[in-house]
Amino acid sequence: MSVENCEKDNSSNNAGGEEEEVIQQQPSPQEDKDQEYIIHLENELSRVEVERQKAKEEADNNMNKLRYLMADFDNYRKQMERQIESKINQGKAELILKFVSIHDDLSRAIETAKQGKSDQVVIEGLEGILRNVETLFDAEGVKEIETTGTPFDPNIHDAISFKYDDTVPENTVIAEIRKGYMMSDKVLRPSLVEISKRIVKNSAIDSNRTKGD
């Protein structure tokens, strides 16, 4: 074989080897499908992640709205309870106030019966009814308002008269005209009282009178 033929053969062999190598580097159809499927999965995963984030934000917003609604409902419930309790206490106060009037009438009736020397059985019967009313007062927390000897308090006392008196501080309750009552630290009925006033002396007039004498 000549040198020229050998070179040709070698050249043919080298060309065939390169062609085989190029064919081996090309991806197979299955690999292409796998790659496409991976890309599809990645895109799908990204889409699912975006949807998950949106769903989480929506869930958080709904939870916050639910908390606000629960807080509003709790405030509404407490307000309704306070209103109901206030109406109950108001109705109870109105009822007890009627018993206060009955207590006044019984006290006057007993005093009149004693002064008129009525039958002792009648007096004891009236006193028994009066004790029952006072037992009701104790059960409901009704207490008499302190009056005589205490400083005048416009929140619990109602001054209907005054008297000049230098033996006690000014605006001191010196007489009780009608009993007052409180229930649960609230005024059920104010006391009608008489308070003291100091006598105002004109020192200049008194001095002139002394000199003239």
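1. Let me start with the largest pocket, which holds about 240 Å³ of space in what is a predicted model. Its lining is made up of Ser86, Asn89, Gln90, Lys92, Ala93, Glu140, Met183, Ser184, Lys186, Val187 and Leu188. Two elements, α2 (29-115) and β5 (186-189), each give two or more residues to this lining. The largest share comes from α2, with five residues. Sorted by class, the lining of the largest pocket has four nonpolar, four polar and three charged residues.

2. The second largest pocket is worth a look too, with a space of about 150 Å³. You will find His103, Asp104, Ser107, Arg108, Glu144, Glu176, Ile177, Arg178, Lys179 and Tyr181 along its lining. Here the elements that give two or more residues are α2 and β3 (173-178). Again α2 gives the most, this time four residues. Six residues of the lining of the second largest pocket are charged, while two are nonpolar and two are polar.

3. Now to the sheet beside these residues' elements: which order do its strands take? The three strands run β1-β4-β5 in an open sheet, and their pairing is antiparallel. Both β1 (142-144) and β5 are edge strands with a single partner strand each, so each has one side without a neighbour in the sheet. On average, and with direction ignored, neighbouring strands of this sheet are turned by 35 degrees against each other.

4. A closer reading of one strand pair may help you find your way in the viewer. Three bridges join β1 to β4 (residues 181-183), in the antiparallel sense. Within this pairing, Val142 stands opposite Met183 of β4. Met183 also belongs to the lining of the largest pocket, whereas Tyr181 is one of the residues lining the second largest pocket.

5. How does α2 sit relative to the sheet strands? The helix lies across β1, β4 and β5, and α2 runs at about 40 degrees to β5. Please keep this in view when you return to the largest pocket, as α2 and β5 are the elements that give two or more residues to its lining.

6. Thr147 deserves a point of its own. This residue is in the loop between β1 and β2 (157-164). Is Thr147 buried or exposed? Its relative accessibility is 8%, and the cut-off for buried is under 20%, so Thr147 counts as buried. Apart from neighbours within four places in sequence, Thr147 is in contact with His157, Val173, Glu176, Ser191 and Val193. One of these partners, Glu176, is also in the lining of the second largest pocket. The C-alpha atoms of Thr147 and Gly180 are 8.6 Å from each other, although 33 residues separate the two along the chain.

7. Finally, some remarks on the whole chain. The protein chain has four helices and six strands, and along the sequence these follow the pattern α-α-α-β-β-β-β-β-β-α. Buried residues come to 15% of the 213 residues of the protein chain, and Thr147 is one that counts as buried. Taking contacts between residues at least 6 apart in sequence, 64% join residues at least 24 apart.

Notes. Residues numbered from 1 in each chain as written. Predicted model: local features only at pLDDT ≥ 70, side-chain atom pairs only at ≥ 80, totals over all residues. Heavy atoms only, no water. 1 Å grid on protein atoms, 1.4 Å probe; cavity = no way out; pocket = protein on both sides within 12 Å on 5 of 7 lines; lining within 4 Å. Points joined across faces, edges and corners; volume = space filled by probe spheres on them. Nonpolar A, V, L, I, M, F, W, Y, C, P; charged D, E, K, R; others polar. Pairing = 2+ DSSP bridges. Axes fitted to C-alpha atoms, helices over the stretch in contact; angles between N-to-C directions. Contact = heavy atoms within 4.5 Å. Buried < 20%, exposed > 50% of the residue type's maximum accessible area, 1.4 Å probe, protein only.
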